[in-house]
Structure formats: structure tokens, C-alpha cells
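Reader: I am new to reading structures. Walk me through this one, and give me the reasoning behind each term.

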Amino acid sequence: MRNYDIVIVGGGPAGLAAAVSARQSGIESIIILERDKELGGILNQCIHNGFGLHTFKEELTGPEYADRFIAQVRELKIEYKLNTMVLDIGQDKTVTAMNREDGMFEIQAKAVILAMGCRERPRGALNIPGYRPAGIYSAGTAQRLVNMEGYMPGREVVILGSGDIGLIMARRMTLEGAKVKVVAELMPYSGGLKRNIVQCLDDYGIPLKLSHTVVDITGKERVEGVTLAQVDEKNKPIPGTEEFYSCDTLLLSVGLIPENEISRGMGVTINPVTSGPKVNESLETNLEGVFACGNVLHVHDLVDFVSEEASAAGRNAAAYVKGTSVADAAPEAEICLNPTAGVRYTVPSTIRRARMEDNLTVRFRVGGVYKNCFVSVYFDDERVIHRKRQVLAPGEMEEVKLTKEQLLQYPKLEQITFKIEEE
Amino acid sequence: MEVRNLICINCPMGCPLTVEMDGDEVVNVSGNTCKRGDTYGRKEVTNPTRIVTSTVKVTGGEADMVSVKTKQDIPKGKIFECVKALKDVEVQAPVHIGDVIVSDVAGTGVDIIATRNVLK
């Protein structure tokens, strides 16, 4: 068995940024295990622009953004194994993995960073009636086919779900000569970023039908069309509103789910709201020395924030390995972060002041669309943050910054409550 | 005075912009949180432009396709012409980020450059 200080599972944006920051924090012995044949993860198929404005102050495409981090990983001579699947991690941080060269092998890690990313919600999770003909793809599969393999999945397209990948693919397929007839969204608001509605749908005159869903798929061998219907406030199709669209392709962009099979297997506690691990201020799970970052922790809209979060996980894992984090952590009650009144979850879920860095970004999502409201943060019963916001929507991740100094002023603090208030 | 409400597309913040116009002249842009928003607002109502991204075939490399983009933004009306010009382009590996794949695409004066490395 080989020994490493830090094993990072996944070589996408989260794993890369975590590796770079762990090395910069002084850890020599690091290995990234990646199941694909190249580093970069999902960025490799996200050929559109809009990445990196926060991190690099310039607008990059996905592959360019990935390359910036891959170059750093190479420059820092961080070890990685491609085509390598992690099968299992024990509670003692023994990582079991396999690939074609080494066969099955084990690595003993001092710290583990989970950076496996997420997967798309499949058709099976949606209960759409109808046959199972060819021509139904998740938006990300279509993205990979078009952008990396060079295949067009179809010519006449209907998209269900207004997640960002679906919106991006509406534009991409249009540019490649397909006719995207409509994007249907079950909810009364879009699941994607506003900018993507503008530049992917509005620019090309593609209609977005909110509160609509697919109630039937026609075609036995190949999709021949889909029937959309409007839904009521309980998301039930309204009879008489059915409309048939002939098409040969149905793309699904109906949400992403963090991929936590390995985490669950090792006993990591999962937050049912995010489907990602519950973590403390160090992005550490309930298992000491096991950290999580990126889309495996909670699904992000923006890779820049993944990199930022993963850098923190890398620094914290390094501190754990060096023993510095343990040394100064006086036993003290954890502060609980309590999402309520419109706030669905927070990352992290708990804070230990002694181990917190000077600044801590708390990220969260809201459960509905809120206009002209306030994001409020209460330290126990005292409101300490009250920030006016024009619009809050579930499709856009929010953040609140807390400082260690601020928290130290409240030595008896037990709970921090996050809520959306009208005034 | 004409007022147009836009969503800034420069970054995922998607700031809601209000552009005030006097005829063809932009008088004021508000709602933006950075300079890019101001520039976008002014451009969008006078000469809207976009960065275009696509892929072209590559032979003899570790991948079959290489992703590309316009080096600068091009007029919105030129997008389809630009993508069409890339349809039959085929390049030989190796390709490096920043390599010019097509120069002066669709008469825009803007080059198409590679956005990923494809080694032999």
C-alpha cells in the first residue's frame, strides 16, 4: 500500500484547485485520482465563454479555464492518475482504486478531499409517460456529443427544463443548424442564470414556456414529437392545455445531483437538501480529515466559486495534515447555521470559531423567487446583517461573508439564522 | 427619452441594467455593478456584439474536435455567418490554445482561435 498525505478524488475544477492550494500550503505528498482520460472534468465540454471573470479577471471558455489550473498542477509537479476509478474509501482513509496499468490498488491517506462533482438527473427520475424511443438525451450528454465527439443528436429539438446546460445547448444546437422549438420549464421561474436566458434563448427567438411540462412522448423507434401541457400551482397538468410539438430529439435539463456514492459508503453524513455532505467551516465532513468541495458538496452555478471553495478545502486539508488545525482548536461548542424562511440550506452547516479563517463565505440558495426583499442574518436573536436585494431566485447561488472578528464579539453565540425578510 | 431594460450578460451576476436613450444616443446606464456593465449597456442598444464559440475537426490528435472562439466579440448579425465559415474547417494536430484557426472570419476582421490543446 502506498501512502499519501492528501488524496483528492476527482480532477475537475474542484480537485485541481484543491490540489494547487494544498501544495501551496506546503504539502508535498498529494495525488489526484481522475476517472476520465484527461484532467479538467466537465469544463472540457463547456466550450462556451463566461468562465473566470472572478478568478482571472478575464472571460474564458471552459477548456481555457481548466487549462489554467492544469498548467499549475503540472508546474507544481502534483501527481495525478488518469483513467482511474476510486471504488471505495474506508473510514480509516484507505482509498481503493483501479485502473488498467496498476489493477486494483490501495492508498493510505492522511486526509481525503472529495471532489467528484455531480451527475444529471435522468429521465427515470421524472415519471414522463410514453415509450422509450431513441432521441432522448440529458443536456450534458448532448453537450458532450456535439462539443467533444462531433455528433449532432438531432435536428428538431424540444428541451425540458431550463437549467443552464439546457439553455447553453439550445444555443449550441441552433448554431449547428438544429431547430430548437421550445424550452419548457415546470416551475414558474427559470432554473438557469438570467444571462443565459438572454444570450441563449432571447438572442435566437427560442420561446421559454414556464409552468409547462412534457405529458407525452410520441414515437416508438425514434422520438417523433412531444406533448407539452401547462401545469397548475401543484404542478399538475391542466387538461385542455396540451400542445403537440413534432421533434426528433428531447433534451432534459432538469437538475444536477451531487455524486456521493463513495461518501455515503464511508459514512459521511449527507444533507438531504443539497444531497452533498454536511460540512463545518473547514469544509470538513463529519469524518475528521475528510473534506468536500465543488459540485459534490452542493451544485454551483459558477466555476469561479467552485475554485474559491476548493482552494479553502485544500488549505484546510493541509492544515489538518500538518496538525496545526488540531493544535489551536480548543474544545468549544459548534455554532449551528440555521437556514429558514426562504433559505433552503447553507454551506457550511456549522462553525467552530477557533478553526475558522479570518473570512468565511457562507453560500446558500433560496426556495423561490423573491423581489425587493432582504437577506438577513441573526446571531442568536440579534439581527446583524440586513442586505437589500432586488431579486433572489433559486437558480442563483447567494453568499454572505462572515468574519472571525465578528464572531469573536459574540462569545456565547450558539446559532446563526439565515432568512429572507420582506423588510 | 426612451428607457430600455436589459440583463447584463458579461458575468453570471446578470445585473439588471437600465439604459436611458435620447434618440440614438445613450444618456445613462444604471443598475450595473462594474464597468463591464456600462460598456455592455451602451453597446447592446447601439451595436450588439457577442463572442462566438464552436468546434472544428482535428486530425491526427488525441481528440477529434478542438473548441474555438472568436478572439473578440463580433456583431450579433454575423454569428451565423461565422459558424457557417467553420463548418468544413479541419486542422492538423497539434493545436495549442490561442492558435489562429481561421483569420478574419466572415469579414469581421476577427480571428478564430483555439481554446484547447490537442496534442498528437
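**Helices of chain A**

Author: Helix 3 of chain A passes helix 4 of chain A in a left-handed crossing. Keep in mind that this is a predicted model.

Reader: What makes a crossing left-handed?

Author: Look at the near helix. The crossing is left-handed if that helix is turned anticlockwise from the far one by less than a right angle. For helix 3 (residues 139–149) and helix 4 of chain A, the axes cross at roughly 35° and come within 9 Å.

Reader: Which residues of helix 3 and helix 4 of chain A meet?

Author: Helix 3 of chain A brings A:Ala139, A:Gly140, A:Ala142, A:Gln143, A:Val146 and A:Asn147. Helix 4 of chain A answers with A:Ile165, A:Gly166, A:Ile168, A:Met169, A:Arg172 and A:Met173. By class, that contact has seven nonpolar, four polar and one charged residues.

Reader: Why are helix 4 and helix 5 of chain A called roughly parallel or roughly antiparallel?

Author: Take the value first. Helix 4 (residues 164–175) and helix 5 (residues 194–201) of chain A pack at about 15°. The cut-off for roughly parallel is under 35 degrees. Therefore helix 4 and helix 5 of chain A count as roughly parallel to each other. Their axes lie 8 Å apart, and helix 4 of chain A passes helix 5 of chain A in a left-handed crossing.

Reader: Which residues make the contact of helix 4 with helix 5 of chain A?

Author: From helix 4 of chain A come A:Asp164, A:Leu167, A:Ile168, A:Ala170 and A:Arg171. From helix 5 of chain A come A:Asn196, A:Ile197, A:Gln199, A:Cys200 and A:Leu201. Sorted by class, six are nonpolar, two polar and two charged.

Reader: How do helix 1 and helix 2 of chain A cross?

Author: The axes of helix 1 (residues 13–24) and helix 2 (residues 62–75) of chain A cross at roughly 35° and come within 9 Å. Helix 1 of chain A passes helix 2 of chain A in a left-handed crossing. A:Leu16, A:Ala17, A:Val20 and A:Gln24 of helix 1 meet A:Ala66, A:Phe69, A:Ile70, A:Gln72 and A:Val73 of helix 2. Seven of the residues in this contact are nonpolar, two are polar and none is charged.

**Between the chains**

Reader: What makes the pair B:Lys76 and A:Asp203 a salt bridge?

Author: Check the distance. The closest N and O atoms of B:Lys76 and A:Asp203 are 3.1 Å apart. The limit is 4 Å, so the pair counts as a salt bridge. Across the interface of chain A and chain B, the rule finds four salt bridges.

Reader: How many residues does each chain give to the contact?

Author: Chain A gives 33 residues and chain B gives 28 residues. Together the chains bury about 2,700 Å², with 55% of it on carbon and sulfur atoms. In chain A, the residues that lose the most area to chain B are A:Glu64, A:Leu175 and A:Arg195, together 20% of what that side buries.

**Backbone details**

Reader: Where are the prolines that follow cis peptide bonds, such as A:Pro348 and B:Pro94?

Author: A:Pro348 is in the loop between strand 23 (343–347) and strand 24 (350–351) of chain A. Its bond from A:Val347 is cis, with omega near 5°. B:Pro94 sits in the loop between strand 8 (90–92) and strand 9 (100–102) of chain B. The cis bond there joins B:Ala93 and B:Pro94, with omega about 0°.

Reader: What is notable about phi of A:Asn127?

Author: Phi of A:Asn127 is near 60°, a positive value in a residue other than glycine. A:Asn127 lies in the loop between strand 9 (118–120) and strand 10 (136–138) of chain A.

Conventions:
Residues are numbered from 1 along each chain as its sequence is written. Chains are lettered from A and ligands numbered from 1 in the order in which they are written. This is a predicted model: local features need pLDDT of at least 70, side-chain atom pairs count only at pLDDT 80 or more; totals for chains, interfaces and linings use all residues. Side-chain values use heavy atoms; hydrogens and water are left out. Axes are lines fitted to C-alpha atoms, for helices over the stretch in contact, and angles run from 0 to 180 degrees between N-to-C directions. Helices (H or I, at least four residues) and strands (E, at least two) are DSSP runs, numbered from the N terminus. Angles under 35 degrees count as roughly parallel, over 145 as roughly antiparallel, 65 to 115 as roughly perpendicular and the rest as oblique. Contact means heavy atoms within 4.5 Å. Ala, Val, Leu, Ile, Met, Phe, Trp, Tyr, Cys and Pro count as nonpolar, Asp, Glu, Lys and Arg as charged, and the others, Gly among them, as polar. Buried area is the accessible area (1.4 Å probe) that two parts lose on being put together, summed over both. A salt bridge is a side-chain nitrogen of Lys or Arg within 4 Å of a carboxyl oxygen of Asp or Glu.
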